[in-house]
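Please open the model in your viewer, with side chains available for display, and follow the stops below in order.

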Amino acid sequence: MTNSEQTLFAKRFRGFFPVVIDVETAGFNKDTDALLEIAATTLKMDENGVLSIDQTVHFHVEPFEGANIEQAAIDFNGIDPFSALRGAVPETEAIKEICKAVRKSQKDAGCSRAVVVAHNAAFDHGFLNAAIERCRIKRTPFHPFVSFDTTSLAGLALGQTVLAKACIAAGIEFDNKQAHSALYDTERTAELFCYIVNKWQALGGWPLTNDTADNEEELSEENQA
């Protein structure tokens, strides 16, 4: 596919497909502590380049065999890992279904690789990668290390780094009683990311001018020579 045939979405992020992720866990160690809840929100772009939420996939997750559970983490997020009422599924099922949904949306958007978007992205991305490795998923749609951190973006655009405060500054409703739910936090983070990207476009930061685009194409050709 040539550059002129790329979708608007693919052009916006160099072929990357942003997927907003949030996890709730039983601790801070991605390798030893249980993943208890995960949600992934995909995005869509209209003909004017405006980004919005598309769909969300969400799972409560059974602790993997031998997983560590820190009581302090459970006290904080209020999750009972072994409650039957959670309707939790095995970690492998949750991760496979998320990868399947992301892969389809990524393909529909004409993008080549999914990139994690998260608030304090290193944490969520780390737990996602650890789960992918435990589940032995070879064909993951996610880039192994590139991510978009809404903490940094919100600090730049809104002067706030806490998710709730950044959302309020952006005019996005935020209910602290629903916070620390992967489903709720993912969708609020997705709204925040869309707000920042769309605001940047409204201020004239994108699309690139023809001159800039031509220069990038020339540089790409030189690098390939």
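Which residues form one aromatic cluster? Select F9, F13, F17, F148 and F193, whose side chains together make up that cluster; please keep in mind throughout that the model is predicted.

Stay with the cluster and look at two of its members. Across the model, the count of aromatic pairs comes to eight. One of them joins F9 and F17, with 5.3 Å centre to centre and 50° between the planes, which makes the pair tilted. F9 has a relative accessibility of 5% and therefore counts as buried, since the cut-off is under 20%, and F17, at 0% relative accessibility, counts as buried as well.

Next, select F174 and Y184, whose ring centres lie 5.5 Å apart with the planes at 70°, so that this pair is edge-to-face, the class for angles over 60 degrees. To place the two residues along the chain, display the loop between α6 (163-169) and α7 (182-202), where F174 is found, and then helix α7, which holds Y184; the two partners are ten residues apart. Both F174 and Y184 are buried.

Keep Y184 on screen and add R188, because the next stop concerns the ring just shown, which belongs to an edge-to-face pair. The charged end of R188 sits over the ring of Y184, at 4.6 Å from its centre.

For the last stop, select R134 together with F64, and turn the view until you look along the plane of the ring. R134 lies over the face of F64, 3.9 Å from the ring centre.

How values were computed:
Residues numbered from 1 in each chain as written. Predicted model: local features only at pLDDT ≥ 70, side-chain atom pairs only at ≥ 80, totals over all residues. Heavy atoms only, no water. Phe/Tyr/Trp six-rings, centres within 6.5 Å; stacked < 30°, edge-to-face > 60°. Buried < 20%, exposed > 50% of the residue type's maximum accessible area, 1.4 Å probe, protein only. Helix = DSSP H or I, 4+ residues; strand = E, 2+ residues; numbered from the N terminus. Lys NZ or Arg CZ within 6 Å of the ring centre and 35° of its normal.
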